[in-house]
Amino acid sequence: MLLFPVLLIATLSFFVLGPTVTIRQNVQHAAEETAREVAKKIGTQTTTIIATDVVNEVLSVHGLDLSMNGVRADVWEYDDGGGGSIIHTPLGDTANVAAPTTPVGFNDPEQVIVQVTVEVGSAPIPNILSNMNFDITGRYLVHRATAFRDP
């Protein structure tokens, strides 16, 4: 009889943990793929268009995109004009998701850094354990990835 509550909590936790891990992997993939694609940009392609397209395409599997509350992407790269300045391009929900800190060790002009942030409340993750003091609201899934341009 005492084992039933433990088994119930363990069973319900799979319904929270499974989708959380899946969406976390998707956020990681979105950041890595966006960094690679922005690093490959040529000609008149803009960082905003490339990053928005890639993040939206990868996150769309879970019904997420940059137009939703709680979904944000940030791109850091050096100025293509040779000015040596770092350009930060914030995309998505810049009002509700806090701005990330500037990357440390960002000193290579060929380097592109992308951070994708998804608020757990915006993701299709059931919060069924909140009545048992295991509330995931207000938490974020964050991944930062780096890619280098070909010289």
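The following exchange goes through the helices, the sheet and a few single residues of a predicted model.

Trainee: What pattern does the chain follow, read along the sequence?
Mentor: The chain of this predicted model has two helices and four strands. Its C-alpha trace spans about 70 × 30 × 30 Å along the principal axes. Read along the sequence, the pattern is α-α-β-β-β-β.

Trainee: What share of the contacts in the chain with a separation of 6 or more comes from residues 24 or more positions apart?
Mentor: The chain has 151 residues, of which 38% count as buried. Among contacts with a separation of 6 or more, the share from residues 24 or more positions apart is 70%.

Trainee: Is α1 roughly parallel or roughly antiparallel to α2?
Mentor: Helix α1 covers residues 3-39 and helix α2 residues 47-59, and their axes are 9 Å apart. The two pack at an angle of about 150°. Angles over 145 degrees count as roughly antiparallel. That makes the relation of α1 to α2 roughly antiparallel.

Trainee: Is the crossing of α1 and α2 left-handed or right-handed, and how many nonpolar residues does the contact have?
Mentor: The crossing of α1 and α2 is right-handed. From α1 the contact draws on N26, V27, H29, A30, E33, T34, E37 and V38, and from α2 on T47, I50, A51, V54, V55, V58 and L59. By class, four residues of this contact are polar, two are charged and the nonpolar ones number nine.

Trainee: Which strands stand at the edges of the sheet?
Mentor: The four strands form an open, antiparallel sheet in the order β2-β1-β3-β4. Each edge strand has a single partner, so one side of it is left without a neighbour in the sheet. The twist from one strand to the next averages 15°. The edge strands are β2 (86-92) and β4 (140-148).

Trainee: Which residue of β3 is the bridge partner of W76?
Mentor: Strand β1 (residues 71-78) and strand β3 (residues 111-119) pair in the antiparallel sense. Seven bridges link these two strands. In β3, the bridge partner of W76 is I113.

Trainee: About what angle does the direction of α1 make with that of β4?
Mentor: Helix α1 packs on the sheet. The strands α1 touches there are β1, β3 and β4. Its direction and that of β4 make an angle of about 25°.

Trainee: Which residue in β4 is the bridge partner of V118?
Mentor: β3 and β4 run antiparallel and are joined by nine bridges. T117 stands opposite V142 in β4. For V118, the bridge partner in β4 is L141.

Trainee: Which side chains of β4 are buried?
Mentor: β3 is mostly covered, with eight of its nine residues buried. Along β4 the side chains alternate between two faces. Y140, V142, R144, T146 and F148 point to one face and are not buried. Those that point to the other face and are buried are L141, H143, A145 and A147.

Trainee: Is H29 buried, partly exposed or exposed?
Mentor: H29 has its place in helix α1. H29 and V55 are 26 residues apart in sequence, and their C-alpha atoms are 9.0 Å apart in space. The relative accessible area of H29 is 37%, and the partly exposed class lies between 20% and 50%. H29 therefore counts as partly exposed.

Trainee: How does P19 count by relative accessibility, and which residues is P19 in contact with, leaving aside neighbours within four places in sequence?
Mentor: P19 lies in helix α1 and, at 24% relative accessibility, counts as partly exposed. P19 and A123 are 104 residues apart in sequence but 9.0 Å apart in space, C-alpha to C-alpha. With neighbours within four places left aside, the contacts of P19 are F14, P124, I125 and P126.

Trainee: Does F4 count as buried or exposed?
Mentor: F4 also belongs to helix α1. Its C-alpha atom is separated by 43 Å from that of P100, 96 residues apart along the chain. The relative accessibility of F4 is 56%, and the cut-off for the exposed class is over 50%. F4 therefore counts as exposed.

Notes:
Residues numbered from 1 in each chain as written. Predicted model: local features only at pLDDT ≥ 70, side-chain atom pairs only at ≥ 80, totals over all residues. Heavy atoms only, no water. Axes fitted to C-alpha atoms, helices over the stretch in contact; angles between N-to-C directions. Parallel < 35°, antiparallel > 145°, perpendicular 65-115°, else oblique. Left-handed = near helix turned anticlockwise from the far one by under 90°. Contact = heavy atoms within 4.5 Å. Nonpolar A, V, L, I, M, F, W, Y, C, P; charged D, E, K, R; others polar. Pairing = 2+ DSSP bridges. Buried < 20%, exposed > 50% of the residue type's maximum accessible area, 1.4 Å probe, protein only.
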